[in-house]
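Biologist: I am new to this structure and would be glad of a guided look. Could you take one part slowly with me, and then show me a few other places worth a visit?

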Amino acid sequence: MGFVAKAWSGLGAIQRGIMRVIGLIVMILVLFWLVGALFSSDAVRVGQSGALALDLNGRIVEERTVVTPTSALQSALFGGGPAVEILLDDVVHGLRLAREDDSVSTIVLDLSRFAGATPASLHTIAAEMTAFRESGKTILAHSGMYGDSSWFLAAHADEVFLHNQGVAMIEGYSSFPVYLRGLLDRLGVTVNIFRVGEFKSAIEPFERADMSEADYEARAYLYGGLWNAYTRAAESARGLPAGTLQRLGDTADAAVIAAEGDLARAALDAGLVDQLVSRTGFNALLDERFGTVENGKRPDTTDFFEWFNANRPEPTGRQRDVIAVINAVGTIIDGEADGGVVGGDIHARLIRTARLDPNVKAIVLRIDSGGGGVFASELIREELAQAREDGLTVIASMGGVAASGGYWIATPAHEIWAHPTTITGSIGIFGLLPTFEAVLENIGVTSDGYASTRLGGAISLERGIDEYAARIFQASIERGYENFLEIVGEARGMSRDEVDAVAQGRVWTGTQALERGLVDQLGTFDQAVARAAELAELEDGRWRTKVFTEERSQLERILAALGMDAAARSGAGEGGLLARLIGQAAEEARTVELMNDPTGRYAVCLECPALAVR
């Protein structure tokens, strides 16, 4: 015992020493950050060339993930951490401001480190790029490598440049889940599954060795809708004949062989890009078109985000009537959570705060979530329903994903708006609990004991789940599914069977959901806000939007800024195949970790994240 005490004492001393060092480093970083903020200039003007450099270094998100002190320190000290995140709102409104600013003539779009976005976000940005070009201005896109997301944006530029040793290949939408049934059988792990819905395929990897026909059918229909929207928009923007991308995807080998193995030339021959050029050559092209600054050291271009942040319009704040905007972005979990995660308690509280504000006349719930816990989803839904009952106009605006629990919380709205490529639906419930009785038995470990009721000890990781408890679980899941159907049916004016026919865990695009009565309108967030003003009978120019969010301390805001800066400097989100695989595994593990529903029931679309960022 004395040895153990000394060991713990030594560990405590080491920990205290580490915390002192970390505290000192934080103080130094905060000092540097504050000094930089004090000496930075708010005046950012476009250079004489009129060119803005838009570097999409990271992935597009609706709301940034909150950077905790722990994650900020990890990112600052050791690199890595969360991928760099770029707000969709900043890109969209920056492009609009650039379109209206006479001093801006060109945007140079760097897609070299673009980490992707949801289909809905890609189409939203592409629409703003098209409007910018139609105003008589120019967009140049360049990268060393184009994938599906980056090339889609590049296709909406006037000129597309590719490094002469680069590659541009469009794969389209695909899905090949990893099935664990064989491994689990070998390990002796029992996976207890409770579900309702033919198409609720999230649990199939735990019970099958291959994809079911129902899941294959559903994915083919969903991905087909997304692919059709992608090809129509991109081929039209590039002036390519309809069917070009499908043909290239099916005959890429012939195209590469015809180009003698030169991947960059194959992309040029196919019309995916306009010019092959080295990085040095592209910089020389920028020098020639826009001139140079700093004694010829760099092209005369102005950073897009620095310019936008310095020149973004200030809200007037004079209008008395308010449309409250509440963002529900990320996995829905029980408890206090915000910023990249939807906490049932916090988001219900935000809705309540908005509905009790006498100036708030309407609420727009912006959803970008694949769902999560049933209990937390219901807390948010019932608070939104109360807002409607109190006489407020309620609009749900779906972003990239609004499925399962993300659809659940949308149901109280007067109208549900989605983008044509929103991923939605997935109306279904499941429960999953692995137990290890067979594993323990194989190594000679057993468990036995006494319980005062039959329920006591009926659910055990060591002994498994007996039929008595399994009946309780399954009945609860079935009741949850029927409750989901009732909620949707009442909200959408549909019978139980009509909802069931489009539910059963099946996922739809926004367009497909509109055809099936699950959404009311297709349109953007701005259109949804305008509709809220119309339904609330607010006078033009006499209302404003206000984002309701949980207040954070000054220290938390500083740490968040430091964390994001550290992520940007470390190149978080980049790396080779191994780094990407590790990142993907970590994200999946985080999704599982966030499953904290107190009833053990989940309305979550586990396959949706694979579609959300490509």
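Biologist: Let us begin with serine 404: is it buried or exposed, and at what relative accessibility?

Modeller: Happy to help! Please keep in mind that this is a predicted model. Serine 404 has 0% relative accessibility, so it counts as buried, the limit being under 20%. You will find serine 404 in the loop between β18 (393-403) and α16 (405-408). Its backbone deserves a look too: phi of serine 404 is near 55°, a positive value in a residue other than glycine.

For a companion to serine 404, turn to glutamate 537. Glutamate 537 is not a glycine either, yet has a positive phi of about 55°. This residue also sits in a loop, the one between α21 (525-535) and β26 (543-547). Its surroundings are another matter: with a relative accessible area of 69%, glutamate 537 is exposed.

A further positive phi, of about 65°, belongs to glycine 493, just after helix α18. That brings us to the helix itself. Helix α18 covers residues 467-492, which makes 26 residues. From its first C-alpha to its last it reaches 37 Å, close to the 38 Å expected at 1.5 Å a residue. At the start of α18, look for aspartate 466: one of its side-chain oxygens comes to within 3.1 Å of the backbone nitrogen of tyrosine 468. Farther along, the buried residues of α18 include Phe473, Ile477, Gly480, Tyr481, Phe484 and Leu485. A general point helps in reading such a list: an α-helix has 3.6 residues a turn, so residues three or four places apart point the same way.

Next, see how two other helices meet. The axes of α3 (residues 88-100) and α13 (residues 304-311) come within 10 Å and cross at roughly 80°. The two helices are therefore roughly perpendicular to each other. On the α3 side, the contact is made by Asp90, Val91, His93, Gly94, Leu95, Leu97 and Ala98. Phe304, Phe305, Trp307, Phe308 and Asn311 meet them from α13. Sorted by class, this contact has eight nonpolar, three polar and one charged residues.

Our last stop is arginine 219, in helix α8 (residues 213-238). Arginine 219 has a relative accessible area of 11% and is therefore buried. Serine 174 is 45 residues away from arginine 219 along the chain, and the C-alpha atoms of the two are separated by 8.7 Å.

Terms used:
Residues are numbered from 1 along each chain as its sequence is written. This is a predicted model: local features need pLDDT of at least 70, side-chain atom pairs count only at pLDDT 80 or more; totals for chains, interfaces and linings use all residues. Side-chain values use heavy atoms; hydrogens and water are left out. Helices (H or I, at least four residues) and strands (E, at least two) are DSSP runs, numbered from the N terminus. The expected span of a helix is 1.5 Å times one less than its number of residues. Buried means under 20% relative accessible area, exposed over 50%, partly exposed in between (1.4 Å probe, protein chains only). A polar contact is a pair of N or O atoms within 3.5 Å; within protein, one must be able to donate a hydrogen and the other to accept it, and residues adjacent in sequence count only if both atoms are side-chain atoms. Axes are lines fitted to C-alpha atoms, for helices over the stretch in contact, and angles run from 0 to 180 degrees between N-to-C directions. Angles under 35 degrees count as roughly parallel, over 145 as roughly antiparallel, 65 to 115 as roughly perpendicular and the rest as oblique. Contact means heavy atoms within 4.5 Å. Ala, Val, Leu, Ile, Met, Phe, Trp, Tyr, Cys and Pro count as nonpolar, Asp, Glu, Lys and Arg as charged, and the others, Gly among them, as polar.
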